[in-house]
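User: Could you take a close look at the salt bridges in this one and walk me through what the paired side chains are doing? I'd like one connected story rather than a list.

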Amino acid sequence: MGRVTTGTADLWHHYGRARATSNRAVPDTFYWSWSQDAGPGPEVLGDLTGRCVGDLGAGAARHAAHLAVHHQPALVVAVDASPAQHAMATDLYAHLAPCLRIVQSGAVPHLQAMTGTYDVLYSVFGAVDFTDPRELLPAAAAALKPGGRLVFATLTHYLNGAPAQPDVVAADIPAKTPDGEATTMRRWVLQERVWTKLLDEAGFADITVDVLPAATGGPRTVDTLLVSAYHPSWNRVQPRQRPAEAARGAARGSRPRGAEQGAFEQVG
């Protein structure tokens with residue numbers, strides 16, 4: 001999914017393998033946090049009909065597969081740097097081509113090669129968590145079309161309970177190589193104000209952050225930051241609409257902010 005602190009080929013070799021053997025279906029739901037049973041879903045991304053969508057750090061591409069099947073995009077690109085995750089996603093969902101494209105690449109080089117391509121970019125505990133945001137966010141801004149949107153879910157604090165960083169600092173967290181050797185990888189868990197500052201410095205506009213509470217009794221008792229921002233061309237005088245408000249608006253039948261922003265060219 002992102003940069004690691006070792007030369008090991010793939011630290012994600014074991015991640016999700018057990019689930020992939022028992023559940024090969026396209027998910028019926030799209031959630032932004034672990035064990036979520038309510039709250040915002042894909043409507044936060046806006047109307048995806050005919051749009052080009054990128055999943056950054058897609059893992060086994062379950063979120064991307066859901067969007068490809070249920071939301072009529074022109075194209076969903078599931079991007080992940082892990083060879084093992086790319087192989088798993090291909091095994092599970094290659095049959096969804098050409099609407100779903102599965103790409104093995106680091107998020108930053110992929111975005112740098114795709115200037116002005118995407119209508120929507122998102123990450124669910126993916127590349128945003130494991131890539132230096134000072135590199136990722138400017139690349140995402142450049143890869144979005146005018147009016148495009150970036151949405152990502154990340155941790156409010158570390159899984160071990162340590163608080164989020166007050167500066168752009170990554171923590172080395174324990175990991176294992178495919179052969180079981182102990183190593184570390186880097187994860188960026190930053191305070192809300194730090195994410196907002198980084199997005200502003202990358203040129204994003206209309207930045208909003210919501211906190212999604214952890215599900216009661218869930219396997220991970222950590223809240224989720226749901227962050228949304230628009231391409232630099234977005235009109236900064238537009239009134240803000242937080243992701244949770246967009247979700248409520250969609251439930252009432254109104255279009256989330258961004259869905260009305262001009263015509264987007266389709267990507268076949």
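**Salt bridges, pair by pair**

Analyst: Let's start with D132, which has a relative accessibility of 10%; buried means under 20%, so D132 counts as buried. Keep in mind that this is a predicted model. The partner of D132 is R134, and their side chains form a salt bridge with N and O 2.9 Å apart. R134 sits in another class: its relative accessibility is 49%, and the exposed label needs over 50%, so R134 ends up as partly exposed. In this pair, then, a buried acid meets a partly exposed arginine.

That pair belongs to a set of five salt bridges found in a search of the whole structure. Another of them joins D119 to K145, with 3.5 Å between the closest N and O atoms. This one links distant parts of the chain, since D119 belongs to strand β4 (residues 118–124) and K145 to strand β5 (residues 144–155), 26 residues apart. Both D119 and K145 are buried.

Next up is R186 with D172, whose side chains meet in a salt bridge at 3.4 Å, N to O. R186 comes from strand β7 (residues 182–187) and D172 from strand β6 (residues 171–176), so the bridge ties together parts that are 14 residues apart in sequence. As for exposure, R186 is partly exposed at 37% relative accessibility, and D172 is partly exposed too, with a relative accessible area of 46%.

As background, side chains of opposite charge can pair when their charged atoms come close.

Key:
Residues are numbered from 1 along each chain as its sequence is written. This is a predicted model: local features need pLDDT of at least 70, side-chain atom pairs count only at pLDDT 80 or more; totals for chains, interfaces and linings use all residues. Side-chain values use heavy atoms; hydrogens and water are left out. A salt bridge is a side-chain nitrogen of Lys or Arg within 4 Å of a carboxyl oxygen of Asp or Glu. Helices (H or I, at least four residues) and strands (E, at least two) are DSSP runs, numbered from the N terminus. Buried means under 20% relative accessible area, exposed over 50%, partly exposed in between (1.4 Å probe, protein chains only).
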